[in-house]
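Could we walk through a two-chain structure together, one feature at a time? I would like to learn how to read each one.

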Amino acid sequence: MGKTVTIVRNVLEANERRAGKLTEYFAAGKILCLNLMSSPGAGKTSLLERTLTDLKGEFKMAVIEGDLQTDNDARRVAATGAQAVQVNTEGGCHLDSSMIEDAIGVLDMKDLDILFIENVGNLVCPAEFNLGEDHKVSILSVTEGDDKPEKYPLMFHLSSVMLLNKTDLLPYVDFSLEAASAHARKLNKDIEIFPVACRKGDGLDAWYDWLRKARAAKK
Amino acid sequence: MLDIIREERVKHGMKRIMRVRVVNGALSGAVSDALSFGWECLTQEGDLQGVVLEVVDAPLTVTCGSCGLPFTPEDKHYMPCPACEEILGHDITGGKELYIDEIEADIDDTPESGEAAAAAAPHTGD
């Protein structure tokens with residue numbers, strides 16, 4: 001019969017430790033860091049293209065792009081003039097803190113106002129891994145169904161903001177903004193919800209106002 | 001998880017590990033069956049071959065966002081408070097955890113040899 005040793009160590013502790021260091025780094029540099037999460041195709045990159053273009057004169061912004069393969073998104077984002085670095089996870093379904101550490105080594109972080117991290121398109125695993133960010137932002141497009149917050153609760157539970165994208169397609173799909181919002185609020189009563197249509201630019205002002213407030217809070 | 005276990009084995013001078021207990025909360029995002037399956041695959045051979053993984057499921061516990069009553073909801077999504085029937089705004093007090101609770105092993109009781117083993121062991125990364 002062996003002896004039992006009490007351990008009590010978090011299985012994800014290596015990531016948590018690195019995320020803690022990143023949080024300190026962003027605080028010291030007064031950089032607002034946002035972790036954007038959604039399923040593939042919900043419009044993370046389109047939202048960034050719009051945001052980077054519209055707020056170009058106001059903030060210095062950079063983007064870390066996470067994808068399994070290709071640098072398509074980094075090229076799209078870089079076309080707006082913002083700094084972008086692509087992280088390929090080579091099959092991994094989420095970004096973790098060590099990848100962010102590597103990416104900020106490549107970026108010019110001096111005087112940066114906002115760092116966007118576009119996570120791998122996936123409603124499950126990205127929510128598990130803290131990246132040292134100030135806020136998680138989830139994007140749900142109306143073509144996906146309004147029950148997604150109910151089906152994938154953790155991401156919406158942890159997010160400060162939920163953007164409901166592609167509202168220009170509402171006439172063609174059975175999606176209730178009210179139902180999606182109610183599901184999300186059931187999980188997270190303080191979540192900010194912004195219906196937007198990135199392709200047309202609808203509703204983005206509310207999102208930009210939120211960004212300005214979050215940025216100001218970081219100074 | 002295997003890295004943590006190997007670190008602890010060195011730290012405590014464990015000769016042979018019999019059992020590892022992991023506590024998995026209802027909201028951790030890890031599926032207990034998947035953990036067990038992954039463990040089985042990763043310990044078919046090598047230094048942890050034959051070690052038993054015990055997964056203890058920890059329930060979701062909340063305190064009501066309205067009246068403050070602590071309770072254990074039956075459902076992870078729809079959680080009416082048993083006292084005031086409030087369904088929104090509860091604070092989660094348990095169920096997000098995923099940690100290694102304890103390890104049962106044969107331990108080398110001579111402290112010097114344990115420390116010597118720790119000093120001699122290569123760094124196992126984090």
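The dialogue below goes through chain B, the contact between the chains, and one strand of chain A.

Q: Before we start, what kind of model is this?
A: Good thing to ask! The model is predicted.

Q: How many helices and strands does chain B have, and in what order do they run?
A: Listing the elements is a handy way in. Chain B has three helices and six strands. Starting at the N terminus, they follow the pattern α-β-α-β-β-β-β-β-α.

Q: What share of chain B is buried, and what share of its contacts joins residues at least 24 apart?
A: Two percentages help here. Of the 126 residues in chain B, 18% count as buried. Taking the contacts in chain B between residues at least 6 apart in sequence, 69% join residues at least 24 apart.

Q: How is chain B divided into domains?
A: Read the residue ranges and watch for a plus sign. Domain 1 of chain B covers 1–58 + 95–126, and domain 2 covers 60–94. Six residues of domain 1 and five residues of domain 2 make the contact between them in chain B. On the domain 1 side, these residues are three nonpolar, two polar and one charged.

Q: Now the two chains: how many residues are in contact, and which elements of chain B take part?
A: Start with the counts, then go to the elements. In this contact, 23 residues of chain B meet 20 residues of chain A. The elements of chain B that give two or more residues to its side are α1 (2–11) and β6 (98–107). The largest share, ten residues, comes from β6(B). By class, the side of chain B that touches chain A holds twelve nonpolar, five polar and six charged residues.

Q: How do β6(B) and β1 of chain A pair?
A: For a strand pair, look at the direction and the bridges. Strand β1 (residues 3–10) of chain A pairs with β6(B) in the antiparallel sense over six bridges. To find the place on screen, look for K3(A), which stands opposite A105(B).

Q: Which strands make up the sheet, and which stand at its edges?
A: Read the order across the sheet. This open sheet of four strands runs β1(A)-β6(B)-β1(B)-β2(B), with mixed pairing. β1 of chain A and β2 (52–58) of chain B each have a single partner strand, so one side of each is left without a neighbour in the sheet. From one strand to the next, the twist averages 20°. Within chain B, strand β1 (residues 14–25) and β6(B) run antiparallel, joined by nine bridges, and V23(B) has Y99(B) as its bridge partner.

Q: Where does α1(B) lie?
A: For a helix on a sheet, ask which strands are beneath the helix and at what angle. Here α1(B) lies across β1 of chain A together with β1 and β6 of chain B, at about 40° to β6(B).

Q: Which residues of β3(A) point one way, and which the other?
A: In a regular strand, side chains alternate between the two faces of the sheet. In β3(A), M61(A), V63(A), E65(A) and D67(A) point one way, while A62(A), I64(A) and G66(A) point the other way. Seven of the seven residues of this strand (61–67) are buried.

Q: Which strands pair with β3(A), and what unit does it form with α3?
A: Follow the bridges to each side. β3(A) runs parallel to strand β5 (residues 114–118) of chain A, with five bridges, and parallel to strand β4 (residues 83–88) of chain A, with six bridges. A62(A) has L115(A) as its bridge partner in β5(A) and stands opposite Q83(A) in β4(A). With helix α3 (residues 72–78) of chain A, β3(A) and β4(A) make a right-handed β-α-β unit.

Note on methods. Residues numbered from 1 in each chain as written. Chains lettered and ligands numbered in written order. Predicted model: local features only at pLDDT ≥ 70, side-chain atom pairs only at ≥ 80, totals over all residues. Contact = placed C-beta atoms within 7 Å. Nonpolar A, V, L, I, M, F, W, Y, C, P; charged D, E, K, R; others polar. Pairing = 2+ DSSP bridges. Buried ≥ 20, exposed ≤ 12 C-beta atoms within 10 Å, placed from the backbone. Right-handed = clockwise from strand over helix to strand, strands pointing away. Domains from an automatic or database assignment. Axes fitted to C-alpha atoms, helices over the stretch in contact; angles between N-to-C directions.
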